[in-house]
Amino acid sequence: MKYISPVYNVIAVPIEKVRPNDYNPNKVPPPERKLLYESIKEDGYTMPVVCYYSKLQDIYIIVDGFHRYQVMMDHPDIYEREQGLLPVSVIEKSLDKRIASTVRHNRARGSHDVDLMSNIVKELHEFGRSDAWISKHLGMDRDEILRLKQITGLASLFRDVDFGEAWRPVEEMTKE
């Protein structure tokens, strides 16, 4: 079966059926948000919002494009012009792969909130994803992953890290 990219099947979805995800670490400063509004106002929606469709809930959960969605939610002129319909392309992926997709899309464009990125690394670790998987799928090097794990302060995140022998437990030091 030949692969067809989701962008070739953009659908118009009532914005009331679209929901943000609860893990996106991407933040856009006010000047860039204003610029995005101006861009959509002048050029229209030139890129669809990438979503996962939850059949159970009958909603579309944003994977990429939250700020394009937010423009329509915040600006009645855009909502009215677009008749409340948001251009959406749908991907069918598990939650961990959707998280990775969100981060890849964001990292290709801009910067992230460090605390939220730390939580994503923690969540992927809890899904059972290794540092190598996180590195490959989120485009992070090993040191970046380690720094993000340190922010959360959870010892369980370090179980796969090899530490040098520059330290010894206090019990061993007192025996000498």
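## A partly exposed valine in a surface patch

Valine 7 has a relative accessible area of 47% and is therefore partly exposed, a value that belongs, like every other given here, to a predicted model. In the chain, valine 7 sits in the segment that precedes strand S1, which covers residues 11-14. Together with Ile4, Tyr8 and Val10, Val7 makes up a nonpolar patch on the surface, and the accessible area of these residues taken together is about 450 Å².

## Overall architecture

The chain contains 8 helices and 5 strands, and, read from the N terminus, its elements follow the order β-β-α-β-β-α-α-β-α-α-α-α-α. Of the 176 residues in the chain, 36% are buried, while the accessible surface amounts to about 11,300 Å², with 53% of that area belonging to carbon and sulfur atoms. When contacts between residues at least 6 apart in sequence are considered, 72% of them join residues at least 24 apart.

## The nonpolar cores and helix H2

The largest nonpolar core has 16 residues, among which Val18, Tyr45, Cys51, Ile78 and Leu86 touch the most other members. Two or more residues of this core are contributed by each of helix H1 (30-43), strand S3 (49-54), strand S4 (59-64), helix H2 (66-74) and strand S5 (85-90), with H2 providing the largest share, 3 residues. Separate from this core is a second one of 14 residues, whose members include Tyr23, Met117, Ile120 and Leu138.

Helix H2 has His67, Arg68, Tyr69, Val71 and Met72 as its buried residues, and these pack against strand S2 (18-19), H1, S3, S4, helix H3 (76-81) and S5. Two of the names in that list recur in the surroundings of isoleucine 78, which, once its neighbours within four places in sequence are set aside, is in contact with Val71 and Met72 as well as with Tyr37, Ile40, Lys41 and Tyr45.

## Arginine 33 on helix H1

Arginine 33 is placed in helix H1 and, with a relative accessibility of 42%, counts as partly exposed. A polar atom of the arginine 33 side chain lies 2.8 Å from the backbone oxygen of valine 28. Arginine 33 is also 9.1 Å from arginine 68, C-alpha to C-alpha, although 35 residues separate the two in sequence.

## Salt bridges

Side chains of opposite charge can pair when their charged atoms come close. The structure holds 6 salt bridges, one of which joins lysine 17 to aspartate 58, with 2.9 Å between the closest N and O atoms. Because lysine 17 lies in the loop between S1 and S2 and aspartate 58 in the loop between S3 and S4, this pair ties together parts of the chain that are 41 residues apart in sequence. Both partners are partly exposed: the relative accessibility of lysine 17 is 27%, and that of aspartate 58 is 34%.

Another salt bridge is formed by the side chains of arginine 81 and glutamate 82, at 2.9 Å from N to O. Arginine 81, with a relative accessible area of 37%, is partly exposed.

## The surroundings of aspartate 96

Aspartate 96 belongs to helix H4, residues 95-109, and its relative accessible area of 7% falls under the 20% limit, so aspartate 96 counts as buried. The side chain of aspartate 96 meets that of arginine 129 in a salt bridge of 2.3 Å, N to O. This pair links distant parts of the chain, since aspartate 96 is in helix H4 and arginine 129 is in the loop between helix H5 (114-126) and helix H6 (131-138), 33 residues away. In contrast to its buried partner, arginine 129 counts as partly exposed at 24% relative accessibility.

A polar contact of 2.5 Å also connects the side chain of aspartate 96 with that of serine 94. Apart from residues up to four places away in sequence, aspartate 96 touches Leu124, Phe127 and Trp133 in addition to Arg129.

## Glutamate 144 on helix H7

Glutamate 144 is located in helix H7, which spans residues 142-152. Leaving out residues up to four places away in sequence, glutamate 144 touches Arg107 and Gly139. The C-alpha atoms of glutamate 144 and serine 118 are 9.9 Å apart in space, and the two residues are 26 apart in sequence.

Key. Residues numbered from 1 in each chain as written. Predicted model: local features only at pLDDT ≥ 70, side-chain atom pairs only at ≥ 80, totals over all residues. Heavy atoms only, no water. Core = buried A, V, L, I, M, F, W, Y, C linked by side-chain atoms within 4.5 Å. Buried < 20%, exposed > 50% of the residue type's maximum accessible area, 1.4 Å probe, protein only. Helix = DSSP H or I, 4+ residues; strand = E, 2+ residues; numbered from the N terminus. Contact = heavy atoms within 4.5 Å. Patch = residues over 30% accessible without salt bridge, like charges linked within 9 Å, V, L, I, M, F, W, Y side chains within 5 Å. Areas by Shrake-Rupley, 256 points an atom, 1.4 Å probe, with all protein chains shown as cover. Salt bridge = Lys/Arg side-chain N within 4 Å of Asp/Glu carboxyl O. Polar contact = N/O pair within 3.5 Å; in protein donor to acceptor, adjacent residues only side chain to side chain.
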